Amino acid sequence: MTAASAPRKSRAARAVDRLARNRVVRAVGLHPVVARPGYWFATAAGVSWGALLGGFRVSKRGGVIVCAGLPRWAFGRGGTTIGAAYLTRDNTADTVLEHEAVHRAQWKRYGLAFIPLYLAAGRDAKRNRFEVEAGLDKGGYR
């Protein structure tokens, strides 16, 4: 796909891209002192959401805290990682958990900044750098 035929990014996505390229913003916003509390907050929120909606079917597997048994409306696609918490109904194959463990590491690195960065990377998993890094095959995208 050429640059001319690539879908145009939204204004918000372009703004996030500009901020992500700014060295000062990156140095401060992605510093572990800032990012790590965001990761902890996201993990606490994810585990709370997952435990309540999944009937407290919570376990630790493959480097993530798996919250299973959730209704399908409570997460995206086959499952969603928020912080270290992986929310799903029953999508807990080892390869999927390996994929989600990479997302956990991304959350740990970026903290709450991961949300706008992920959204700015786009909905197409094959072009979303975070999904590509986590492994498209392991995530069930191929």
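Student: In which sense do strand 2 and strand 4 run, and how many bridges join them?

Tutor: In this predicted model, one of the facing positions is Valine 66, which stands opposite tyrosine 86 in strand 4. Strand 2 and strand 4 run parallel, and the number of bridges that join them is three.

Student: Which residue in the turn between strand 1 and strand 2 has a positive phi?

Tutor: Strand 1 (residues 58-61) pairs with strand 2 (residues 64-67) in the antiparallel sense over four bridges, and within this pairing lysine 60 stands opposite isoleucine 65. The two strands form a hairpin with two residues between them, and the residue in the turn whose phi is positive, at about 55°, is glycine 62.

Student: Which residue takes a positive phi in the hairpin of strand 3 and strand 4?

Tutor: Strand 3 and strand 4 (residues 85-88) also pair in the antiparallel sense, over four bridges, with isoleucine 82 opposite alanine 85. This hairpin has two residues between its strands, and the one with a positive phi, near 65°, is glycine 83.

Student: Along strand 3, which residues point to one face and are buried?

Tutor: In a regular strand the side chains alternate between the two faces of the sheet. Strand 3 (residues 79-82) shows such an alternation, with Thr80 and Ile82 pointing to one face and not being buried. The residues that point to the other face and are buried are Gly79 and Thr81.

Student: Why is alanine 93 classed as partly exposed, and what is its relative accessible area?

Tutor: Alanine 93 has its place in the loop between strand 4 and helix 4 (94-110), and its C-alpha atom is separated by 9.9 Å from that of glycine 139, which is 46 residues away along the chain. Buried means under 20% relative accessible area and exposed means over 50%. Alanine 93 lies in between and is therefore partly exposed, with a relative accessible area of 38%.

Student: What pattern do the helices and strands follow along the sequence?

Tutor: The protein has six helices and four strands in its secondary structure. Read along the sequence, these elements follow the pattern α-α-α-β-β-β-β-α-α-α.

Student: What radius of gyration does the protein have, beside that of a compact globule with 142 residues?

Tutor: The C-alpha trace spans about 45 × 35 × 25 Å along its principal axes, and 33% of the 142 residues count as buried. Because a compact globule with 142 residues would have a radius of gyration near 14 Å, the protein's value agrees with that expectation, and this value is 16 Å.

Terms used
Residues are numbered from 1 along each chain as its sequence is written. This is a predicted model: local features need pLDDT of at least 70, side-chain atom pairs count only at pLDDT 80 or more; totals for chains, interfaces and linings use all residues. Side-chain values use heavy atoms; hydrogens and water are left out. The radius of gyration is taken over C-alpha atoms; the globule rule is 2.2 Å times the number of residues to the power 0.38. Buried means under 20% relative accessible area, exposed over 50%, partly exposed in between (1.4 Å probe, protein chains only). Two strands pair if DSSP finds at least two bridges between them.
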